[in-house]
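Please open the model in your viewer and keep the sequence panel beside it, since each stop below begins with a selection to make. The tour moves from one group of elements to the next.

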Amino acid sequence: MSALIRKVWESMAHRSASKSSPNSASDYDQLMYMQSSSTGDFDRIPIDIFMQILKILGPKESARLSAVCNSWKFLVSDNRLWIYFLQHQPDPWDSVFFAETHLRSGYPLQVFPAQMHDLSFMHIYAQRVQVPGALIIDGGSGYCKYGWSKYASPSGRSATFLEFGNIESPMPSRLRHFFSTICNRMQVKTSTQPIVVSIPLCHCDDTESAKGSRRHLKDAIYSTLFDMNVPAVCAINQVSFDHQSACSLMETHLSGATLALFAARRTSGILVNVGFHQTSVVPILHGKVMYKVGVEVVGMGALKLTGYLRDRMQQNNIQFDSLYTVRTLKENLCYVALDYEDELSKDTRASFDISPSSSFTLSNERFQTGEILFQPRMAGMQAMGLHQAVALCMDHCHDAELTADDNWYRTVVLAGGSACMPGLAARLEKELCGLLPTSLSNGVRVLPPPNGGDSAWFGAQLVSNLSTFNTSWCMTRKQFRQRSKRKVLW
């Protein structure tokens, strides 16, 4: 190792000598030499060159050098060095930085994120390397996305929870079949890997009945997975006991809405999820769904959009073989107009080849499909438009006065496959600014889905690769049983 360092040092010194005289006073004024008597000739290596050597050696060899002497230990632990190493990992640095500063504590999330100078990125790097990875199962309302947390994207899709029993009253046997099917497809043993589950958002009100239903669904998922010998499930249940008033149980779980917000590198905001059957407008503050503020639900989702396009194609005598064809055309040709009336006067024809022998051309259907999100009456529905539902949610957030800073609900993040239609974010932002009073509309931003239709899966990936994943985000079988015993005792 010392021979390699000496070789690199000689190379770097030769480059410096070729550029300028090493004896110049200005050069010596800029050089800082390490103050150690235990490294011989290496004492004379300038710090900036020493840091370049460490970058060339890589994280493993650099960590070993910290044992040489105190001065090297100090230099090797420099955050800038380990940020450099993290920036050259597969995970995007901005996502890593967000996760490690905002999510590392687990639930409840810290109101104020950790500051960089309070963190040891050398320690974070070492912990992230040791995180074994997890199987992520995003139980969406239309399709379930699953895959390994160390992969760049989900590995596959399957039928969602709804195909394996009523989500209102989950059946453990069917849930077991659901999870076993995914594990078999991934070729993993349930006893060896943690599993991260994104629970579909359901029971959107704040009644005791709804709270009980949410806990029942979550407990059914926990019980099923732990019965399958899964070592840990990524969810946090915090039990706090108020001895003056018996037991106060607070439970928090990872919903797809929360994870989709994490994927946009936010912990607070309004998440608009265009799901399979309906669209949910979810206020989230510090990673927690604000049921008390109110989750707005519009009874229109991807299925309704596809059905509307199908009807328009039939009215215009456009022949197609299956609903799959219609859905593919929706995903590739449809968009949302910034000004609907103005778009009607334009030539909007465009074609798409479903197969080499099957080509389709659409015109007004392209933007009329997405328009029903804002004008449900076009599809024969008596419901709020999407912009009205979001504006109502923002108004409730404003009235609730949950924090001194009321900017948290001015960021709207879209999620869901149908939310990827071009123009949707810009149109929603325009409608909100026109609908809301100036005091609320100032600073409103609408962000498109950060990872297409897989936002929740990528949000779960951020959590799964955290340096504190095992200690702050996972519940073990033992912890689950202890919690269950406490609930029985109280």
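In this predicted model, begin by selecting helix 16 (residues 386-400) together with helix 17 (residues 424-435), which pack with their axes 9 Å apart and at an angle of about 55°. Because angles between 35 and 65 degrees fall outside the parallel and perpendicular classes, helix 16 counts as oblique to helix 17. Looking along the line that joins the two, you will find that helix 16 passes helix 17 in a right-handed crossing. Now show the side chains: L386, H387, Q388, V390, A391 and M394 come from helix 16, and they meet L424, L428, E431, L432 and L435 of helix 17. Sorted by class, this contact of helix 16 with helix 17 comprises eight nonpolar residues, two polar ones and one charged one.

Next, select strand 8 (residues 269-274), where five of the six residues are buried, so that the strand is largely enclosed by the rest of the structure. Which strands pair with strand 8, and in which sense, parallel or antiparallel? Strand 9 (residues 279-285) runs antiparallel to strand 8 and is joined to it by six bridges, and within this pairing N273 stands opposite S280 of strand 9. The two strands form a hairpin, with four residues between strand 8 and strand 9. Strand 14 (residues 411-415) pairs with strand 8 in the parallel sense, over four bridges, and here L271 has V413 of strand 14 as its bridge partner.

For the next stop, select the open sheet of six strands whose order is 3-2-1-4-5-17 and whose pairing is mixed. At its edges stand strand 3 (156-159) and strand 17 (474-476), and since each has a single partner strand, one side of each is left without a neighbour in the sheet. Viewed across the strands, the sheet has a twist that averages 25° from one strand to the next. To examine one edge in detail, select strand 17 with strand 5 (residues 232-234), for these pair in the antiparallel sense over three bridges, and V233 stands opposite M475 of strand 17. Then add helix 9 (residues 172-186), which lies across strand 1 (135-139), strand 2 (143-148), strand 3 and strand 4 (195-198), and which runs at about 45° to strand 2.

Move now to N79, which lies in helix 6 (residues 79-87). Is N79 buried or exposed? Its relative accessible area is 18%, and because buried means under 20%, N79 counts as buried. With neighbours within four places in sequence left aside, N79 is in contact with M116, L119, S120, F121 and M122. Select H117 as well, since N79 and H117 are 38 residues apart in sequence while their C-alpha atoms are 8.3 Å apart in space.

Keep helix 6 selected and add helix 3 (residues 47-57), whose axis comes within 11 Å of that of helix 6 and crosses it at roughly 30°. That angle makes helix 3 roughly parallel to helix 6, and the crossing of the two helices is right-handed. At the contact, M51, L54 and K55 of helix 3 meet L81, Y84 and F85 of helix 6. The residues of this contact of helix 3 with helix 6 divide into five nonpolar, no polar and one charged.

For the last stop, select helix 13 (residues 323-333), in which T325, V326, T328, L329, K330 and L333 are buried. What covers these buried residues of helix 13? The cover includes helix 12 (302-315), strand 12 (350-355), strand 13 (358-362) and helix 15 (365-371), so add these elements to the selection one after another. Among them, strand 12 and strand 13 pair in the antiparallel sense over five bridges, with L362 of strand 13 as the bridge partner of A350. Strand 12 and strand 13 also form a hairpin, with two residues between them.

Terms used:
Residues numbered from 1 in each chain as written. Predicted model: local features only at pLDDT ≥ 70, side-chain atom pairs only at ≥ 80, totals over all residues. Heavy atoms only, no water. Buried < 20%, exposed > 50% of the residue type's maximum accessible area, 1.4 Å probe, protein only. Pairing = 2+ DSSP bridges. Axes fitted to C-alpha atoms, helices over the stretch in contact; angles between N-to-C directions. Parallel < 35°, antiparallel > 145°, perpendicular 65-115°, else oblique. Left-handed = near helix turned anticlockwise from the far one by under 90°. Contact = heavy atoms within 4.5 Å. Nonpolar A, V, L, I, M, F, W, Y, C, P; charged D, E, K, R; others polar.
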